[in-house]
Amino acid sequence: MNFLNRPFIYLYSFLFGLRYLPISVAIHVPIIVWPFAVRVRGLKRGQIKFSAPLRHAMVVMGFMGTEGRSTRKSLISVRDGGELVFGNNVTLAKGTQMIVNKGQFHIGNNFFCNGDCFFTCDGNITIGDDCLFGWDIDLNTTDGHSIMIDDKWKKTDGPINLGNHIWVCSGSHISKNVTIADDCVVAQRSLVNKSCTTTATLLGGMPARDIRHDIQWAK
């Protein structure tokens with residue numbers, strides 16, 4: 001879509017960039033924000049960065065995804081210790097919540113995320129290139145509360161690392177300390193709490209297990 005033909009969206013996005021990006025970056029209008037569809041908390045200038053050459057509309061957020069799936073606004077919440085890094089051609093549908101309390105949340109090139117996904121980053125989250133997320137996906141790097149085991153407090157957070165060309169189907173949850181190899185598919189409503197280091201694997205279940213190897217999928 002050519003957003004230059006929709007002047008209000010373009011102006012709204014330009015003003016968003018002036019507020020949250022360095023001026024030298026904002027003039028490119030790299031982020032298109034659907035008007036009044038995205039809330040921002042705590043974000044400061046310099047906490048959004050780009051891993052690809054700057055251009056217009058590298059990131060699009062807040063538009064309506066699958067019809068009827070989302071009725072809430074998107075959210076960007078970044079604390080002082082957090083950082084958002086975007087590649088090129090990143091689409092985040094309405095209702096997507098990104099909470100970066102610390103660490104880096106890095107999204108690669110050619111990423112599509114449907115509505116109502118929820119990302120909590122207390123340790124690093126890395127999503128590779130050419131990935132596709134259905135609606136209502138949950139990536140959570142923290143337990144939220146501490147528990148004690150054998151008189152020792154358990155570490156509450158850990159990273160999530162997703163490779164390239166991964167399809168996470170709707171309603172799935174990926175927990176801390178999980179790595180998923182390239183070309184994998186996570187079946188609908190799966191709970192992934194262990195890493196999968198074998199490429200081209202279909203994962204599914206609660207908790208998820210390897211269902212089939214040497215699969216192929218097309219974005």
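1. Let's start with a loop. Aspartate 116 sits in the loop between strand E8 (111-113) and strand E9 (118-121). Its phi is near 65 degrees, a positive value in a residue other than glycine. Please keep in mind, here and below, that this is a predicted model. Aspartate 116 is also buried, with a relative accessible area of 14%, which places the residue under the 20% cut-off for that word.

2. Alanine 200 also deserves a look at its backbone. Phi of alanine 200 is near 55 degrees, again a positive value in a residue other than glycine. You will find alanine 200 in the loop between strand E20 (191-192) and E21. Like aspartate 116 above, alanine 200 is buried, and its relative accessible area is 11%.

3. What surrounds alanine 200, leaving aside its neighbours within four places in sequence? The residues in contact with alanine 200 are Asp182, Asp183, Cys184, Arg212, His213, Asp214 and Ile215. A C-alpha to C-alpha distance of 7.6 Å separates alanine 200 from alanine 181, and the two are 19 residues apart in sequence.

4. While you are in this part of the chain, have a look at proline 207. The peptide bond leading from methionine 206 to proline 207 is cis, with omega near 0 degrees. Proline 207 belongs to the loop between strand E21 (201-205) and strand E22 (208-213).

5. Now to the charged pairs. How many salt bridges does the structure hold? There are five, and three of them are taken up in the points that follow.

6. One of the salt bridges joins lysine 49 and glutamate 83, with the closest N and O atoms 2.9 Å apart. Lysine 49 is in strand E3 (residues 48-50) and glutamate 83 is in strand E5 (residues 74-86), so this pair ties together parts that are 34 residues apart in sequence. The lysine 49 end is partly exposed, at 41% relative accessible area.

7. Another salt bridge brings together the side chains of lysine 102 and aspartate 157, at 3.5 Å from N to O. Here a strand meets a loop: lysine 102 lies in strand E7 (residues 97-107), while aspartate 157 lies in the loop between strand E14 (152-153) and strand E15 (160-162), so parts that are 55 residues apart in sequence are tied together. Is each partner buried or partly exposed? Lysine 102 is partly exposed, with a relative accessible area of 38%, whereas aspartate 157 counts as buried at 13% relative accessibility.

8. The side chains of lysine 176 and aspartate 143 form a salt bridge too, 2.9 Å from N to O. In this case both partners come from loops: lysine 176 from the one between strand E17 (173-174) and strand E18 (178-180), and aspartate 143 from the one between strand E12 (138-140) and strand E13 (148-149), so the pair ties together parts that are 33 residues apart in sequence. Lysine 176 counts as buried, at 13% relative accessibility, and aspartate 143 is partly exposed, with a relative accessible area of 40%.

Definitions and conventions
Residues numbered from 1 in each chain as written. Predicted model: local features only at pLDDT ≥ 70, side-chain atom pairs only at ≥ 80, totals over all residues. Heavy atoms only, no water. Salt bridge = Lys/Arg side-chain N within 4 Å of Asp/Glu carboxyl O. Helix = DSSP H or I, 4+ residues; strand = E, 2+ residues; numbered from the N terminus. Buried < 20%, exposed > 50% of the residue type's maximum accessible area, 1.4 Å probe, protein only. Contact = heavy atoms within 4.5 Å.
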